[in-house]
Amino acid sequence: MSTPALESPWANARRELPFREGARGFSVILKRNCSISPAGLACVFAALGIAALAIGTGFALVGAWLILPFAGLEVLLLGAAFFLEARHATDYERIELDRGRLAIEVAQAERVAHYELDARAVRIETDGRHVVLRGGPHALVLGRHLDLESRAAFAAELAKRLRI
């Protein structure tokens with residue numbers, strides 16, 4: 001089976017849905033689209049922090065000393081923003097079908113949750129904004145790292161592959 005692709009309306013590019021075929025099923029990993037590495041992001045935040053402190057120090061040297069505490073607060077808030085962003089940089093959803101069992105692993109921040117469902121009993125529901133897998137006691141929202149068009153294509157392809 002070929003890898004499905006989605007046409008992007010804002011660019012002349014195709015975004016492939018990363019389904020990988022196995023002997024008895026498939027595997028797909030959905031991750032965030034990180035345009036900068038964590039090290040690169042740390043460098044950007046460090047440069048912004050150094051610039052803010054340099055400007056604050058310059059104003060403090062000419063007598064406007066009250067600006068320096070606000071520059072320090074700005075650096076602290078930049079650090080908090082970096083920390084919050086870095087916590088979710090490696091979030092992912094892994095979906096694997098093997099021998100009629102659908103194994104789902106969802107990683108958010110430091111938490112990793114594992115679910116196992118009977119593939120024949122799974123229902124896929126979409127409302128345009130969410131892809132929900134219902135099976136047994138579980139209702140799992142998937143595709144949170146995809147845009148709306150990719151999410152719809154993912155739901156259709158997943159439904160097709162589960163019904164084969």
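Which residues are linked with Glu125 in a network of salt bridges? Arg123 and Arg134 are, so the network has Arg123, Glu125 and Arg134 as its members. Keep in mind as you look around that this is a predicted model. Its protein chain averages a pLDDT of 83, and 87% of the residues score at least 70. The tour below takes in two open sheets, a few salt bridges, two residues with a positive phi, and the confidence of the prediction.

**The sheet of five strands**

- One open sheet has 5 strands in the order S3-S4-S5-S6-S7, and their pairing is antiparallel.
- Strand S3 (19-21) and strand S7 (111-118) stand at its edges with a single partner strand each, so each has one side without a neighbour in the sheet.
- From one strand to the next, the twist of this sheet averages 15°.
- Inside the sheet, strand S4 (residues 25-31) and strand S5 (residues 92-98) run antiparallel and are joined by 7 bridges.
- For a spot to find on screen, try Phe26, whose bridge partner in S5 is Leu97.

**The sheet of three strands**

- Another open sheet is formed by 3 strands in the order S8-S9-S10, again with antiparallel pairing.
- Its edge strands are strand S8 (123-126) and strand S10 (138-142), and each of them pairs on one side only.
- The twist here averages 25° from one strand to the next.
- Helix H3 (residues 148-162) packs on this sheet and touches S8, S9 and S10. The direction of H3 makes about 160° with that of S8.
- S8 pairs with strand S9 (residues 131-135) in the antiparallel sense, over 4 bridges.
- Glu125, which you met in the salt-bridge network, has Val132 as its bridge partner in S9.

**Salt bridges**

- The structure holds 10 salt bridges, and three of them are worth a visit here.
- Asp91 and Arg32 meet through their side chains in a salt bridge, at 3.8 Å from N to O. Asp91 lies in the loop between helix H2 (67-87) and S5, while Arg32 lies in the loop between S4 and helix H1 (38-61), so this pair ties together parts that are 59 residues apart in sequence.
- Are the two partners buried or exposed? Asp91 is buried, because its relative accessible area is 2% and buried means under 20%. Arg32 counts as partly exposed, at 36% relative accessibility.
- The side chains of Arg87 and Glu110 also form a salt bridge, at 3.2 Å from N to O. Arg87 is in helix H2 and Glu110 is in the loop between strand S6 (101-108) and S7, so the pair ties together parts that are 23 residues apart in sequence.
- In this pair, Arg87 counts as partly exposed at 29% relative accessibility, whereas Glu110 is exposed, with a relative accessible area of 60%.
- Glu157 and Arg161 meet in a salt bridge at 2.8 Å, N to O. Both lie in helix H3, 4 residues apart, which is about one turn of the helix. Glu157 is buried, and so is Arg161.

**Two residues with a positive phi**

- Most residues other than glycine have a negative phi, which is the background for the next two points.
- Arg99 has a phi near 55°, a positive value in a residue other than glycine. Arg99 sits in the loop between S5 and S6 and is exposed, with a relative accessible area of 60%.
- Ala109 also has a positive phi, near 55°, and is likewise a residue other than glycine. You will find Ala109 in the loop between S6 and S7, and this residue is buried, with a relative accessible area of 18%.

**How confident is the prediction?**

- Where in the protein chain is confidence lowest, and where is it highest? Confidence is lowest in strand S1 (residues 5-7), at a mean of 43, and highest in H1, at 93.
- Over residues 1-14, pLDDT stays under 50. For these residues the model has 28 contacts beyond four places in sequence.
- Where pLDDT is low, the predicted coordinates should not be read in detail.

How values were computed
Residues are numbered from 1 along each chain as its sequence is written. This is a predicted model: local features need pLDDT of at least 70, side-chain atom pairs count only at pLDDT 80 or more; totals for chains, interfaces and linings use all residues. Side-chain values use heavy atoms; hydrogens and water are left out. Two strands pair if DSSP finds at least two bridges between them. Axes are lines fitted to C-alpha atoms, for helices over the stretch in contact, and angles run from 0 to 180 degrees between N-to-C directions. Contact means heavy atoms within 4.5 Å. A salt bridge is a side-chain nitrogen of Lys or Arg within 4 Å of a carboxyl oxygen of Asp or Glu. Buried means under 20% relative accessible area, exposed over 50%, partly exposed in between (1.4 Å probe, protein chains only). pLDDT is the predictor's confidence in each residue, from 0 to 100.
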